[in-house]
Amino acid sequence: MNAREQAERAVIRLTGALPRSLKRKLAGAPIRLDGLELDLDVQLLVRLSALAPAPDVSELTPALVRADLRRSASAVSAGHVGGVSMVETTIAGAEGALGARLYEPADRTGGFVVYFHGGGWVAGDLDTHDEPCRLLARSSGARVLSVDYRLAPEHPFPAAVEDALAAFRDAAGASAERLGADPARIAVAGDSAGGHLAAVTSQLCAADGGAAPAFQLLIYPVVDLLNTAPSRETFSEGFFLTKVVMDWYERQLLSGGGERSDPRVSPLLAADLSGVAPAMVVTAGFDPLRDEGEAYAARLKAAGVRTVLHRHPGFVHGFTHMLTIGPGPREAVAEMGGVLRQALGG
């Protein structure tokens, strides 16, 4: 961690520990939009982030976006999660072995989770999602395998989709014994772009009749790149994930081809969702992706898939990383872990 990251983390931790009355003075008047009020701790983080504006989209490069996500994830991390060990490992991808991390909680239940990180299919890695995966392992009692799938634009669609499917199949098949996975008790999970990969993996497994996830945890997933849901317009700027950045991510993903109407790109558009794994869909009230995630939950339910939908009304996209600002994000991840614990027989 460099000096800038250390300073950012120190400032965020300091503000997070302030009395509520002082936080309100620093954050300003409550932000209310679409019938919702932004969480005070999140609003304060938004206010702090405005002091260091993001680069113009015309300046974006994959390297810059990746570095920025690593920096921001580090700044809001809590720094330590006890009760979980980690080992570096590998898992099969579509075109060769992928790096992976296996998180093992001290309180093991026998469940297993294959986790796909977010970052717009362009950014994110094993480091940026280390702390959320540790928290998920500890709260669920399941081993969590975080997968370092190939990223766009160097590896555009369908590379990430193919890697996600291959990694799940390997975890449920040839590598199950090595990883300590029970093939009947494996879930797929992911946030944002990783939620997209988890949803698509569940669909593809249901369609081919082979090994399939026992559960899917979709955290503010991207599920529709063809249509523009109202929340994409309502929260298009001012809450970290902006429309211009989302558009840029999507261009990188599809730089090698691929139709937005393809269910592997837009899983919400799949003709039939019956038979996919039971699901928990998590959304944030102030997230551009909110409405499409909730539409996907509704379609799952309509197809007879057992589905839990939980909207966190005052939160923004990426809140599972914001573990220093207040208890809300940590409690939300703990709830997700509890649902996984129950779903996987813990």
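The exercises below concern salt bridges, the sheet and one buried residue in a predicted model.

**Exercise 1. Find the parts of the chain that the salt bridge between Asp34 and Arg290 links, and classify both residues by burial.**

Solution.
- Step 1. The side chains of Asp34 and Arg290 form a salt bridge with an N to O distance of 2.6 Å.
- Step 2. Asp34 sits in the loop between strand S1 (32–33) and strand S2 (36–37), while Arg290 belongs to helix H11 (residues 290–302). The two residues are 256 residues apart, so the pair links distant parts of the chain.
- Step 3. Buried means under 20% relative accessible area and exposed means over 50%, with partly exposed in between.
- Step 4. Asp34 has 43% relative accessibility and therefore counts as partly exposed. Arg290 has 5% and therefore counts as buried.

**Exercise 2. Decide whether the Arg70 and Asp125 pair meets the salt-bridge cut-off, and state what the pair ties together.**

Solution.
- Step 1. The cut-off is a side-chain nitrogen of Lys or Arg within 4 Å of a carboxyl oxygen of Asp or Glu.
- Step 2. The closest N and O atoms of Arg70 and Asp125 are 3.8 Å apart, and the pair forms a salt bridge.
- Step 3. Arg70 is in helix H4 (residues 62–75), and Asp125 is in the loop between strand S5 (112–116) and helix H5 (130–140); the pair therefore ties together parts that are 55 residues apart in sequence.
- Step 4. Arg70 is partly exposed at 38% relative accessible area, whereas Asp125 counts as buried at 16%.

**Exercise 3. Place the salt bridge of Asp163 and Arg150 in the chain, then name the residues of the network formed by shared partners.**

Solution.
- Step 1. In the bridge between Asp163 and Arg150, the closest N and O atoms lie 2.8 Å apart.
- Step 2. Asp163 is part of helix H6 (residues 159–172), and Arg150 is in the loop between strand S6 (143–147) and H6, 13 residues apart.
- Step 3. Asp163 is buried, with a relative accessible area of 0%. Arg150 is buried too, with 15%.
- Step 4. Glu88, Arg101, Asp127, Asp130 and Arg134 are joined into one network by salt bridges that share partners.
- Step 5. The structure holds 23 salt bridges.

**Exercise 4. Describe the sheet, its edges and the helices that lie on it.**

Solution.
- Step 1. Eight strands make up an open sheet with mixed pairing, in the order S3-S4-S6-S5-S7-S8-S9-S10.
- Step 2. Strand S3 (84–93) and strand S10 (307–312) are the edge strands, each pairing on one side only. From one strand to the next, the twist averages 20°.
- Step 3. S3 pairs with strand S4 (residues 96–105) in the antiparallel sense over ten bridges. Leu98 in S4 is the bridge partner of Ile91.
- Step 4. H5 packs on the sheet and touches S3, S4, S5, S6 and strand S8 (215–219), with its direction at about 50° to that of S4.
- Step 5. H6 lies across S3, S4, S5, S6 and strand S7 (186–191), and runs at about 115° to S3.

**Exercise 5. Locate Thr320 and list its surroundings.**

Solution.
- Step 1. Thr320 lies in the loop between S10 and helix H12 (327–343).
- Step 2. Thr320 has a relative accessible area of 2% and is therefore buried.
- Step 3. Leaving out residues up to four places away in sequence, Thr320 touches Pro132, Ile219, Tyr220, Val333 and Met336.
- Step 4. With Tyr220, Thr320 also shares a side-chain polar contact of 2.7 Å.

How values were computed
Residues are numbered from 1 along each chain as its sequence is written. This is a predicted model: local features need pLDDT of at least 70, side-chain atom pairs count only at pLDDT 80 or more; totals for chains, interfaces and linings use all residues. Side-chain values use heavy atoms; hydrogens and water are left out. Helices (H or I, at least four residues) and strands (E, at least two) are DSSP runs, numbered from the N terminus. Buried means under 20% relative accessible area, exposed over 50%, partly exposed in between (1.4 Å probe, protein chains only). Two strands pair if DSSP finds at least two bridges between them. Axes are lines fitted to C-alpha atoms, for helices over the stretch in contact, and angles run from 0 to 180 degrees between N-to-C directions. Contact means heavy atoms within 4.5 Å. A polar contact is a pair of N or O atoms within 3.5 Å; within protein, one must be able to donate a hydrogen and the other to accept it, and residues adjacent in sequence count only if both atoms are side-chain atoms.
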